[in-house]
Amino acid sequence: MKLYCLSGHPTLPCNVLKFKSTTIMLDCGLDTTSVLQFLPLPLVHSPRLSKLPGWVSKDGTINLEKELKECAGRVFVDSQPEFCLPERELLDLSTIDVILISNYHCMMALPYITEHTGFTGSVYATEPTLQIGRLLMEELVNFMERVPKAQSATCWKNKEIQRVLPGPLKDAVEVLTWKTCYSIQDVNSALSKVQLVGYSQKVELFGAVQVTPLSSGYSLGSSNWIIQSHYEKVSYVSGSSLLTTHPQPMDQSSLKNSDVLILTGLTQMPTANPDGMLGDFCSNLAMTIRAGGNVLVPCYSSGVIYDLLECLYQFIENANLGSTPFYFLSPVANSSLEFSQIFAEWLCHNKQSKVYLPEPPFPHAELIQTNKLKHYPSIHGDFSTDFRQPCVVFTGHPSLRFGDVVHFMELWGKSSLNTIIFTEPDFSYLDALAPYQPLSMKCVYCPIDTRLNFHQVSKLLKEVQPLHVVCPEQYTQPPPSQSHRSDLMLELQPPPMPYRRCSVLGLPFRRRYERIHLLPELAKSLVPSEIKPGVSLATVSAVLQSKDNKHTLQPVPKPLPLPPSKKRKRVVEEPPEVLAPKPLLSGSVPLEAFLAVLHKHGITEVKVEETADGHILHLQAEDTLIQLEEDGTHIVCDNNEPLRTTLRDLVLRFLMKL
Amino acid sequence: PTGLYAVPRSMHVSLSISSSCSFSGAGQDVGRSCILVSIGGKNIMLDCGMHMGYNDDRRFPDFSYITQQGRLTEFLDCVIISHFHLDHCGALPYMSEMVGYDGPIYMTHPTKAICPILLEDFRKITVDKKGETNFFTSQMIKDCMKKVIPLNLHQTVQVDDELEIKAYYAGHVLGAAMVQIKVGSESVVYTGDYNMTPDRHLGAAWIDKCRPDILISESTYATTIRDSKRCRERDFLKKVHETVERGGKVLIPVFALGRAQELCILLETFWERMNMKAPIYFSTGLTEKANHYYKLFITWTNQKIRKTFVQRNMFEFKHIKAFDRSYIDNPGPMVVFATPGMLHAGLSLQIFRKWAGNEKNMIIMPGYCVQGTIGHKILNGQKKLELENRQTVIPEYEPGWSLEVKLQVEYMSFSAHADAKGIMQLIRMAEPRNMLLVHGEAKKMEFLKDKIEQEFSINCFMPANGETSTVATNPSVPVDISLNLLKREMALGGPLPDPKKPRTIWRASLRLVSPEQALKELGLSEHQLRFTCRVQLQDAHSDSDTHIRIYTHLKSVLKGYTIQHLPDGTVMVESIVIKVSSSPEEPNTKVLLLSWSYQDEDLGSFLSTLLKKGLPAALSSM
């Protein structure tokens, strides 16, 4: 069993497990932090951005002023933003049989894996994961395609040139594998390969392996996966949460007794308490609005935004913000809000029971009904006429490089009355803001990451007790910025097996047994004999049938009767049919008792000769030798078939037949 | 032979149908569904329905059939409800709260949401309006629902260590499910009511090739092969249109959930297309709520509705308004959907009584009517309704009550049950080993049974009321095989085909041989019994030629055996070694040395006898 690690990002994993002749990809996360190296894509022409100076090396030898622009001391690539893809050279992607998706954030690289690579397998995901994943992909494509960039910068990727660029561009890794966004055709084609699964559904892969998604508590439809055969169990834990937010709680007990547990997707903010962050979020929001400023919340279109809206639903009345407009801008805003209401089965108990009333599970339905929350596909169209300030705007993309958020940054960035509140933990807010500097607007950083922290995960592991744990190497040491915090890492016995991008790990277990089925007719024919107390033994002669990786033992078919037309002159000489083999023999033949039996059968003239291993009996009258040994008997008898068979039966009397 | 320890066992799955179904001549009648399955030592109750045609004890299943006294908790491992129709869940609070059952009750989320509402609705009609006693209370419905565990589609629910259940989509009504029950390698699939063709709001039933030991299928439409849905819809619209055009009123008695929504979608689109002005009403309360359930459980509807729901929710109707009792006497044409569907009580009966006298009006019955209900009577052409004996349900009667039926009565089967074609289709999908038909009329079931047995060569049962069918199953015995042995045996079959490539038939016949490992593990030593036999024969050839001659001879005599001519000259038949030698003095007198182990005793004995007879002269030496 081997694990191929195609992504180095601990929360956007992409691993491939080879297990029992199946090749299973676990998630295909897309590392979008690479877009931070690029200039924002403005929706309307931005004089500020277009006037940024180009970059020329200090000595003037390298001139990349067309490709690279400088802003507040940092250099950005002026090109369509690109993503860092999972490793595609480590193994042949066309050999992948299935891809298991754990949540909608971890599937964004799917079109890169399934399209134009020869991939012919299928993808398994829950229905909310598919639907919301589709929305996020459509949104991404839309963000990119509505402001196409004519030029594409490639010179800076040259190794020699990249070496002399200023940081952090200099330190960007794998830049040659970076790719621009996929097309909507690729998205549709990739998603058409998804097969829907429900929690605790047992899915058979080629009859060899069973995979089962379990609720992971992190987002709508998010799952951990069990990959098991009859004797081996691998748990794949990715993006799990023990907090009570909107999704169904995490199923922990089903992870018990794993041979190997692959652990990814822990919180990226191990020191930030989500509840505290939510409180900060609300108070900062209220403070800005009261002062007459606007609030910008860069966020994904699904996930924590549901919790933010629910929190605000309770908060705005008390905080006297009832008349403040809340806007949610995204090409998929409407769909995201609508979809969230129809997945009752995937929600926490509290929300589920609302549907029985019947009421929508999320209160944002009421916010929309009372016109407190309005959603628009983009800043163009209806929004421009409805737009009132001061207001709160939720919009993407959280990287601040594309999407409607770019427009609001340009619009509001110059006023210190306004506030931007970061809630998504995926991007460093300083890096995100870099191309907008200098900024006057207030920045508040309230990253809300509900995924497991180190304290929760060590408690979880104590409970489910896997034999071995595999995790990204980042989890085996404290974060670089807090190197003294030894509590911010995994400490386990035996120590976890770390992986990094391009690692290939041999997973430590050996398969010994396989499940096989005896057909009832065969089972009935078995005659078990008790060899030792509690241990019975039966010999099985059967035909092994292997179909769909399932093995069955069938009774040996009876030979067909010979066709009657065949001439059968020498009936006697008909060779014996291929019969079930004779029983196994065990035990030994005691000399004295055997001699006595021979005597009884009229064989009296026996000369016994002692040898190193036993005795040789010479039946003188019959001219026959019997060699008696501890673990064998050899009868040498010529031309006397009746005698030979008699002797055979006498020997057999002393032996145990199995 | 290998170290496999197995004790064969044989098992039975018995099915007890503890429900009665009564049928009218038209075969448009449903009884109450309540099936008891015993499988692998587990007892499962499938559905717990009530009979709408009775208002006495016969209404509920006879639970004394299960236990003479006491609660059902000890006897039942779980109860599964397939969908929210009262003939499938109506007796649930009676069973759990009045007879007594505290174990788990499984149903899908939509069923869990809607079922208590229908139960409460029914309770109100029965107790509050008709004043019946000995019926379950509102609190009992609530307590009963607390015992319900929701089921998701395709989720494998482990009821206990051995019993697992899995739900499949059944169409029929919102949240309807088929369910697979599995204990070890034995399994039963129960369909509940299902529908194999998608309609305007639901998808078609689907199940994987799970090869259950028994498939229990409803057979309501056992012999019908229904005409296309489109025709029926066109017919329905034509009739409504004609009546409205001539200024008549159309009454459509429906259950609040299910057909009602399908017909609303149908009328809504027709009204839009034809630019019709006549009002369409839906009786309020329950039905408004019902549409809301459809919106929230949109994932359970058909693909088209699911795909477009963000842009346009099909259950937000523009033309269909809430009905008020005061509209009954409004002049002019109108179309009214009113509950309940069998005209046995409530608003639909009230409207019917007002409109029945006018021949311009029309009543369209879109589904079954149980025997004894007014719906059933008028469908059978009864023109004068009178008070009959008290056992039939005519709830709102006054002494001397009678009514002339002048309005037009139409029956339109929109009921989403599988027809004969659909049942056969499901059998093809699931590939059961045995078939069991329930919920149908004996004569029609007989016809279907013959058809099934002919086409699929499987046993088909159709137990009558209170009858128990026992079906013997043949479970295979799972054992552990050492991977080494398995690989060794598989390797004998030559290179394996790619196990991931589906191949229609791939059979490798391999013989298993004895693994010494078993004995070793048991601490036993094997005892080798060998025989050696010298045979003399005259053969005027060189020793090596004799070897070849023996080889050729045996090849022709022994078919189906492995015969080898080894490089050192010896001939091997299976594991029997034959060596030829001769003395220089008598080169033509060959001594054959045969040596075999007890495993090859039969063959060895045969060979020694055979070779004693010498080799045929005609054998070529090459």
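1. Let's start with the make-up of chain B: this chain has 16 helices and 29 strands. Keep in mind as you look around that this is a predicted model. Chain B has 622 residues, and 58% of them count as buried. Its accessible surface comes to about 25,500 Å², with 51% of that belonging to carbon and sulfur atoms.

2. How do the contacts in chain B spread along the sequence? If you take the contacts with a separation of 6 or more, 72% of them are between residues 24 or more positions apart.

3. Now pick out one residue, Val471(B). You'll find Val471(B) in strand 22 of chain B, which covers residues 468–473. Is Val471(B) buried or exposed? Its relative accessibility is 2%, so Val471(B) counts as buried, since the cut-off for buried is under 20%. For a sense of distance, try Ile423(B): Val471(B) and Ile423(B) are 48 residues apart in sequence, and their C-alpha atoms are 20 Å apart in space.

4. Thr552(B) makes a handy contrast. Thr552(B) sits in helix 15 of chain B, residues 543–557. With 27% relative accessibility, Thr552(B) counts as partly exposed, because that label covers values between the 20% cut-off for buried and the 50% cut-off for exposed. Going from Thr552(B) to Ile563(B) takes you 11 residues along the sequence and 9.5 Å through space, C-alpha to C-alpha.

5. Over to chain A, where there is a nice sheet to trace. Seven strands of chain A form an open sheet with mixed pairing, in the order 8-7-6-3-2-1-22. At the edges you have strand 8 (194–196) and strand 22 (504–506) of chain A, and each of these pairs on one side only. Ignoring direction, neighbouring strands of this sheet are turned by 25° against each other on average.

6. Zoom in on two strands from that order. Strand 2 (residues 15–19) and strand 3 (residues 22–26) of chain A run antiparallel and are joined by five bridges. If you want a spot to click on, Leu17(A) stands opposite Ile24(A) in strand 3 of chain A.

7. Strand 14 of chain A (residues 295–298) is worth a careful look. Which way do its residues point? Val295(A) and Val297(A) point one way, while Leu296(A) and Pro298(A) point the other way, and all are buried.

8. Strand 14 of chain A also has parallel partners. Four bridges join strand 14 to strand 17 (residues 392–395) of chain A, and these two run parallel. Two bridges link strand 14 with strand 18 (residues 419–422) of chain A, again in the parallel sense. Leu296(A) takes part in both pairings: its bridge partner in strand 17 of chain A is Val393(A), and Leu296(A) stands opposite Ile420(A) in strand 18 of chain A.

9. What about domains? The domain assignment splits chain A into domain 1 (2–266 + 453–506), domain 2 (274–445) and domain 3 (585–657). Note that domain 1 of chain A is given as two stretches of sequence. The C-alpha centres of domain 2 and domain 3 of chain A lie 95 Å apart.

10. One last item comes from a record. An unreviewed UniProt entry annotates residues 305–433 of chain A as "domain: Beta-Casp". Over residues 305–433 of chain A, the chain is 41% helix and 12% strand. The C-alpha atoms at the two ends of that stretch of chain A are 21 Å apart.

Methods: Residues are numbered from 1 along each chain as its sequence is written. Chains are lettered from A and ligands numbered from 1 in the order in which they are written. This is a predicted model: local features need pLDDT of at least 70, side-chain atom pairs count only at pLDDT 80 or more; totals for chains, interfaces and linings use all residues. Side-chain values use heavy atoms; hydrogens and water are left out. Two strands pair if DSSP finds at least two bridges between them. Axes are lines fitted to C-alpha atoms, for helices over the stretch in contact, and angles run from 0 to 180 degrees between N-to-C directions. UniProt positions are given in the numbering used here, feature names are shortened, and annotations may be inferred rather than shown by experiment. Buried means under 20% relative accessible area, exposed over 50%, partly exposed in between (1.4 Å probe, protein chains only). Domain bounds come from an automatic or database domain assignment. Contact means heavy atoms within 4.5 Å. Accessible areas come from the Shrake-Rupley method with a 1.4 Å probe; for residues, only the protein chains shown count as cover.
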